Amino acid sequence: IPSITERTEHRLVPIPGSPPSAIDLPAGCSFRPRCPHAAEACFTEPDLVAVGGSTAHLSRCHFVNELPEFDRSSRAGSPA
């Protein structure tokens with residue numbers, strides 16, 4: 001979640017497309033239909049995992065600790 005009081009050089013990258021209907025969610029990860037990194041694993045719901053080993057930021061992405069754009073180690077002190 002970005003901070004409204006702190007400046008950062010990191011910008012959020014939007015996911016193209018529209019969010020799914022809350023009454024008709026896709027199987028597995030809700031972001032799967034519009035995620036550029038979606039894979040076979042995304043057809044199952046991901047577990048809640050710590051980003052970069054820290055419980056300060058949690059995610060339900062199967063690949064959050066594998067993809068470079070999710071690397072929080074270079075963002076020390078930045079809101080995650």
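Okay, one term before we start: when I say contact, I mean heavy atoms within 4.5 Å. With that in hand, and keeping in mind that this is a predicted model, here's the overall picture. Take the contacts between residues at least 6 apart in sequence: 17% of those join residues at least 24 apart.

What about secondary structure? The protein has two strands and zero helices. As for burial, 15% of the 80 residues count as buried. The protein exposes about 6300 Å², and 57% of that comes from carbon and sulfur atoms.

Now let's zoom in on Ser 59. You'll find Ser 59 in strand 2, which covers residues 54-59. Is Ser 59 buried or exposed? It's buried, because its relative accessible area is 14% and the cut-off for buried is under 20%. The side chain of Ser 59 also has a polar atom sitting 3.1 Å from the backbone nitrogen of Cys 61. And which residues does Ser 59 touch, if we skip its neighbours within four places in sequence? Those are Asp 47, Leu 48, Val 49, Val 51 and Val 64.

Let me pick Leu 48 out of that list. Leu 48 sits in the segment before strand 1, and strand 1 is 49-51. Leu 48 comes out at 47% relative accessibility, so we call it partly exposed. Again leaving out neighbours within four places, the contacts of Leu 48 are with Leu 58, Ser 59 and Arg 60. Look at Arg 60 for a second: along the chain, Leu 48 and Arg 60 are twelve residues apart, and their C-alpha atoms are separated by 4.6 Å.

On to the cysteines. How many disulfides turn up in a search of the whole structure? Zero. Take Cys 29, which is in no disulfide: the nearest cysteine sulfur belongs to Cys 42, and it's 5.8 Å away. The cut-off for a disulfide is 2.5 Å between the sulfurs, so a pair at that spacing doesn't qualify. Turn it around and Cys 42 is in no disulfide either, with the sulfur of Cys 29 as its nearest. Both of these cysteines are buried: Cys 29 has a relative accessible area of 13%, and Cys 42 has 6%.

Last stop, the rings. There are zero aromatic pairs in the structure. What we do get is Arg 32 lying over the face of Phe 43, at 4.1 Å from the ring centre.

Note on methods: Residues are numbered from 1 along each chain as its sequence is written. This is a predicted model: local features need pLDDT of at least 70, side-chain atom pairs count only at pLDDT 80 or more; totals for chains, interfaces and linings use all residues. Side-chain values use heavy atoms; hydrogens and water are left out. Helices (H or I, at least four residues) and strands (E, at least two) are DSSP runs, numbered from the N terminus. Buried means under 20% relative accessible area, exposed over 50%, partly exposed in between (1.4 Å probe, protein chains only). A polar contact is a pair of N or O atoms within 3.5 Å; within protein, one must be able to donate a hydrogen and the other to accept it, and residues adjacent in sequence count only if both atoms are side-chain atoms. Accessible areas come from the Shrake-Rupley method with a 1.4 Å probe; for residues, only the protein chains shown count as cover. Rings of Phe, Tyr and Trp (its six-membered ring) pair if their centres lie within 6.5 Å; planes under 30 degrees apart count as stacked, over 60 as edge-to-face and the rest as tilted. A charge sits over a ring if NZ of Lys or CZ of Arg is within 6 Å of the ring centre and within 35 degrees of the ring normal.
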